[in-house]
Amino acid sequence: GMSPKQQTISKEASLEGVGLHTGEIAHLRFLPAESNRGIRFRRSDLNGWDEIPAHLDHVTSTDRGTSLSRGEAKVHTVEHLLAAVIAKNIDNLIIEVDGPEIPILDGSFKPFFDALNQVDIRQQEEPVRFVEITTPVSAKGPAGASYVAVADERFRVSATIEFNHPLIRRQFASFATDHFAEQVAPARRFGFMREAEELYKRGLVKGVTLTNGIVLNETGLE
């Protein structure tokens with residue numbers, strides 16, 4: 001069949017909010033980008049710095065969130081925003097932010113998804129480039145995390161988590177892209193009170209409130 005075409009947004013969209021770790025207000029603009037540009041971040045407060053591609057080569061930390069950098073330019077906590085971009089099937093996009101951190105908003109990817117829903121998606125001339133998995137690929141992460149990718153007719157994410165906490169314990173969920181946005185967009189990040197105090201001492205999580213994350217104490221919810 002016909003190969004699907006690359007997509008960008010028809011015009012600018014924007015939003016603003018507080019950064020999870022810095023507690024500073026960040027202003028964000030989504031801008032259309034030409035074919036084959038990919039998803040790129042631009043720090044509008046740093047004049048003349050290179051754009052940071054949303055690419056594995058530029059991931060510099062995955063501690064409490066995903067950070068990307070290129071030279072001196074860094075951008076933290078990109079994972080919710082990028083989930084919204086994927087849910088909208090956007091291939092080319094410039095994300096301009098006036099500080100080092102993407103706003104946390106309500107702790108889910110829904111506000112980013114809603115902002116992108118305010119503008120039309122525009123089809124471009126070039127076909128989408130795919131990675132095709134022919135044999136299963138697996139990887140192990142720290143603290144017992146493991147990942148497996150296998151071929152499928154469509155994109156599906158299945159996950160199991162296990163935490164020694166009465167409200168979590170062991171849980172499994174599976175999501176296909178067709179329903180990814182409505183099923184996953186409102187899901188909010190969670191953390192543990194005992195860790196929050198230690199992270200706060202390390203100068204992190206300054207922007208955390210009980211409205212932008214789910215905070216668990218020893219036995220239940222804060």
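Strand β4 (residues 39-43) and β9 run parallel and are joined by five bridges. Here, Arg40 stands opposite Ile94 in β9. The model is a predicted one, and β9 makes a handy place to start looking around it.

On β9 there is another partner to meet: strand β3 (residues 25-32) is linked to β9 by five bridges too, but this pair runs antiparallel. In that pairing, Phe30 is found opposite Ile95. In a regular strand, side chains alternate between the two faces of the sheet. As for β9 itself, Leu93, Ile95 and Val97 point one way, while Ile94 and Glu96 point the other, and all are buried. With five of its five residues buried, β9 is therefore largely enclosed by the rest of the structure.

Moving along the chain, the loop between β9 (93-97) and α2 holds Ser108. This serine counts as buried because its relative accessibility is 0%. Its side chain has polar company: Ser108 makes a polar contact with the side chain of Asp106 at 2.8 Å, and a polar atom of the Ser108 side chain lies 3.1 Å from the backbone nitrogen of Lys110.

Next comes helix α2 (residues 110-117), where Phe112, Phe113, Ala115 and Leu116 are buried. These four cover an arc of only 160° around the axis, so they sit on the same side of α2. An α-helix has 3.6 residues a turn, so residues three or four places apart point the same way.

Elsewhere, the surface carries a nonpolar patch formed by Ile86, Phe155 and Val157, with about 270 Å² of accessible area together. Of these, Phe155 is placed in the loop between β12 (146-149) and β13 (156-163).

Key: Residues numbered from 1 in each chain as written. Predicted model: local features only at pLDDT ≥ 70, side-chain atom pairs only at ≥ 80, totals over all residues. Heavy atoms only, no water. Patch = residues over 30% accessible without salt bridge, like charges linked within 9 Å, V, L, I, M, F, W, Y side chains within 5 Å. Areas by Shrake-Rupley, 256 points an atom, 1.4 Å probe, with all protein chains shown as cover. Salt bridge = Lys/Arg side-chain N within 4 Å of Asp/Glu carboxyl O. Helix = DSSP H or I, 4+ residues; strand = E, 2+ residues; numbered from the N terminus. Buried < 20%, exposed > 50% of the residue type's maximum accessible area, 1.4 Å probe, protein only. Arc of directions from axis to C-beta. Polar contact = N/O pair within 3.5 Å; in protein donor to acceptor, adjacent residues only side chain to side chain. Pairing = 2+ DSSP bridges.
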